[in-house]
Amino acid sequence: MRTIPAITLFLSALLLACAPVSDTAQTAAGLASESDRLNAWFADRYEEQLQFSPIQLTFLGRKDQYDRIDDFSEQAQKAQLEWQRRSVEQMEKQFDYAALSAEAQQSYDVWKYQYEEAKRDWQYRYHDYVFEQMGGAQAQLPQFLLNFHRVDDASDMDAYISRIGEIARAIRQLNGHVKAAA
């Protein structure tokens with residue numbers, strides 16, 4: 001009698017081994033795959049977004065665009081908002097939300113939310129104080145150069161000198177912002 005249960009157990013194991021992958025396993029693999037694709041897409045978008053801000057690149061210790069300061073013009077702000085809009089549209093077309101892991105869905109939602117907030121905030125772009133006593137651009141930009149722009153060689157010094165001129169341009173752009181707000 002002992003051989004019957006052993007044979008039954010063996011045949012059951014054999015049938016399970018030959019059975020197709022369960023829906024749960026396939027779903028988990030699909031979630032990982034779609035989520036991995038989304039994460040790679042986010043990495044690419046993050047790199048694109050960084051290119052809008054030479055200041056942020058410097059904060060990260062990178063020397064790309066080391067001779068530049070951010071463009072504070074309204075045209076540059078519009079371009080960034082448009083880039084965000086296109087990225088959300090692209091994300092919605094390329095990724096199946098239901099096929100994402102919970103963490104990837106949260107990242108997806110945050111990316112979309114950031115664009116929606118930026119879009120809503122556009123109408124209030126003139127409601128801030130650009131030049132204020134404690135943290136205005138007139139103090140922050142020189143402090144940025146002093147605290148974050150490393151000079152390791154002659155090209156870094158050339159970039160530093162170029163950035164001084166870029167600060168003058170940035171202040172003019174921000175002054176235009178103040179005039180429009182007034």
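The protein chain is built from 7 helices and has 0 strands. Reading from the N terminus, the elements simply go α-α-α-α-α-α-α. The model is a predicted one, and everything below should be read with that in mind. Of the 182 residues in the protein chain, 27% are buried. Contacts often reach a long way along the chain: taking those between residues at least 6 apart in sequence, 69% join residues at least 24 apart. On the outside, the protein chain exposes about 12,100 Å², with carbon and sulfur atoms supplying 58% of that area. One piece of the surface is a nonpolar patch of about 250 Å², put together by Val151, Met157 and Ile161. Ile161 sits in helix H7, which spans residues 154-181.

Helix H7 is also home to Arg163, and this residue deserves a closer look. Arg163 is buried yet has no salt bridge. The nearest side chain of opposite charge belongs to Asp70, 6.6 Å away, and the cut-off for a salt bridge is 4 Å. What the Arg163 side chain does have is a polar contact with the side chain of Thr58, at 2.7 Å. Setting aside neighbours within four places in sequence, Arg163 is in contact with a whole list of residues, including Pro54, Ile55, Tyr66, Asp67, Phe144, Leu145 and His149.

Gln65 is on that contact list too, and it has a quirk of its own. Most residues other than glycine have a negative phi. Gln65, however, has a positive phi of about 55° although it is not a glycine. Gln65 is found in the loop between helix H3 (54-59) and helix H4 (74-94).

Turning to charge pairs, side chains of opposite charge can pair when their charged atoms come close. A search of the whole structure turns up 15 salt bridges. One of these stays inside a single helix: Glu34 and Arg37 meet at 3.2 Å, N to O. Both lie in helix H2 (residues 23-50), 3 residues apart, or about one turn of the helix. The two partners differ in how covered they are, since Glu34 counts as buried at 12% relative accessibility, while Arg37 is partly exposed with a relative accessible area of 38%.

Another salt bridge brings the side chains of Arg62 and Glu47 together at 2.5 Å, N to O. Arg62 belongs to the loop between H3 and H4 and Glu47 to helix H2, so this pair ties together parts 15 residues apart in sequence. Arg62 counts as partly exposed, at 24% relative accessibility, and Glu47 also counts as partly exposed, at 31%.

A further pair spans more of the chain. The side chains of Glu74 and Arg125 form a salt bridge at 3.3 Å, N to O. Because Glu74 lies in helix H4 and Arg125 in the loop between helix H5 (102-121) and helix H6 (137-148), the pair links parts that are 51 residues apart in sequence. Glu74 is partly exposed, with a relative accessible area of 24%, and Arg125 counts as partly exposed at 22% relative accessibility. Salt bridges also gather into a group: through shared partners, Lys63, Arg150, Asp152 and Asp156 are joined into one network.

Terms used. Residues are numbered from 1 along each chain as its sequence is written. This is a predicted model: local features need pLDDT of at least 70, side-chain atom pairs count only at pLDDT 80 or more; totals for chains, interfaces and linings use all residues. Side-chain values use heavy atoms; hydrogens and water are left out. Helices (H or I, at least four residues) and strands (E, at least two) are DSSP runs, numbered from the N terminus. Buried means under 20% relative accessible area, exposed over 50%, partly exposed in between (1.4 Å probe, protein chains only). Contact means heavy atoms within 4.5 Å. Accessible areas come from the Shrake-Rupley method with a 1.4 Å probe; for residues, only the protein chains shown count as cover. Patches are made of residues with over 30% relative accessible area and no salt bridge: like charges are joined within 9 Å, nonpolar side chains (Val, Leu, Ile, Met, Phe, Trp, Tyr) within 5 Å. Lys and Arg count as positive and Asp and Glu as negative; His and the chain ends are not counted. A polar contact is a pair of N or O atoms within 3.5 Å; within protein, one must be able to donate a hydrogen and the other to accept it, and residues adjacent in sequence count only if both atoms are side-chain atoms.
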